[in-house]
Amino acid sequence: MTPSRNPFVALLDLLRSPIDCFAAIYERPKWAFIPYLIIILSPLLVWFSYFDNVDMAWLQQVLITQLSNNGQLIEQDWLTQDVLTAGEIFSDIFGRTVCVFVLALWLNLSTKGNRYKHSYGKWLAASCFIMLPTLVGDIASFTNILFNSNNVMPNAADLNSLNGLLKLPLNHPWAPFATTVPLLAPWYIALTYTSVAAWTDFDRAKAIIVAALPWLLILTIWPIMILVA
């Protein structure tokens, strides 16, 4: 194991040798500021591109139809290009930030039983790198927007989510679930497992449980709530 030499090499090592990346982050947690900036700024590329290419008249009509069927009152002033763009960007930045902080909290609490004690700040640094694959989803979304001549809804244009494949309308009962579930969850789990295995004395089975449990809870509890409702 050879720790990454600098933060930019650490970004590459996340792809080719994650354990080297996490070894370096442990010593230099401030490096995590770079991947965090990447994951909160990359949505700008996606959504500015989307709203520059979509037929706004079509989008406004479909939004009014779908959300009205859902019992929501829609103000026409809320459906301008600027407002919709700002809303999608804010939603991504807020959601990703919450995900990073909650994942760090989970890792901090779930690894208390191991011999090596790490601060919340170190797990926060690890979480920023763990969530970096969202950039891959953003690049895929951006490419799809550029080369796809068909109009799609915003919740179907984001290829980071399951709904990027399912294309469920906003008024579908499973749309919030499909929009929230990340297609790259297996990658996040693999990176989380690598960080837990590298930083703790947990055996392989326990590290896998710590890495996979929060995502499995999302995939099981939320569908049950939808079915019960």
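Me: Why are Asp13 and Arg16 described as separated by about one helical turn?

Reply: They sit 3 residues apart in helix H1, and that spacing is about one turn. A helix here is a DSSP run of H or I with at least four residues, numbered from the N terminus. One thing up front: this is a predicted model, where local features need pLDDT of at least 70, side-chain atom pairs count only at pLDDT 80 or more, and totals for chains, interfaces and linings use all residues. Residues are numbered from 1 along each chain as its sequence is written, and side-chain values use heavy atoms, leaving out hydrogens and water.

Me: What makes Asp13 and Arg16 a salt bridge?

Reply: The cut-off is a side-chain nitrogen of Lys or Arg within 4 Å of a carboxyl oxygen of Asp or Glu. Their N to O distance is 2.7 Å, so the pair qualifies.

Me: Which of those two is buried and which is exposed?

Reply: Buried means under 20% relative accessible area, exposed over 50%, and partly exposed in between, using a 1.4 Å probe on protein chains only. Asp13 has 6%, so it's buried, while Arg16 has 58%, so it's exposed.

Me: How many salt bridges does the structure hold?

Reply: There are 3. Another one joins Asp138 and Arg96 at 2.8 Å, N to O. That pair links distant parts of the chain, with Asp138 in helix H7, Arg96 in helix H5 and their positions 42 residues apart. Both Asp138 and Arg96 are buried.

Me: What makes Asp201 and Arg115 count as a salt bridge?

Reply: Their closest N and O atoms are 3.6 Å apart, so they make the cut-off too. Asp201 lies in the loop between helix H11 and H12, and Arg115 in the loop between H5 and helix H6, 86 residues apart. Asp201 is partly exposed at 36%, and Arg115 is exposed at 58%.

Me: Why is Cys21 not in a disulfide?

Reply: A disulfide needs two cysteine sulfur atoms within 2.5 Å. The closest cysteine sulfur to that of Cys21 is in Cys128, 11 Å off, so it's too far for a bond. Cys128 isn't in a disulfide either, its nearest cysteine sulfur being that of Cys99, 11 Å away. The structure holds 0 disulfides.

Me: How do you know whether Cys21 and Cys128 are buried or exposed?

Reply: Cys21 has 0% relative accessibility, so it counts as buried. Cys128, at 7%, is buried as well.

Definitions and conventions:
Helices (H or I, at least four residues) and strands (E, at least two) are DSSP runs, numbered from the N terminus.
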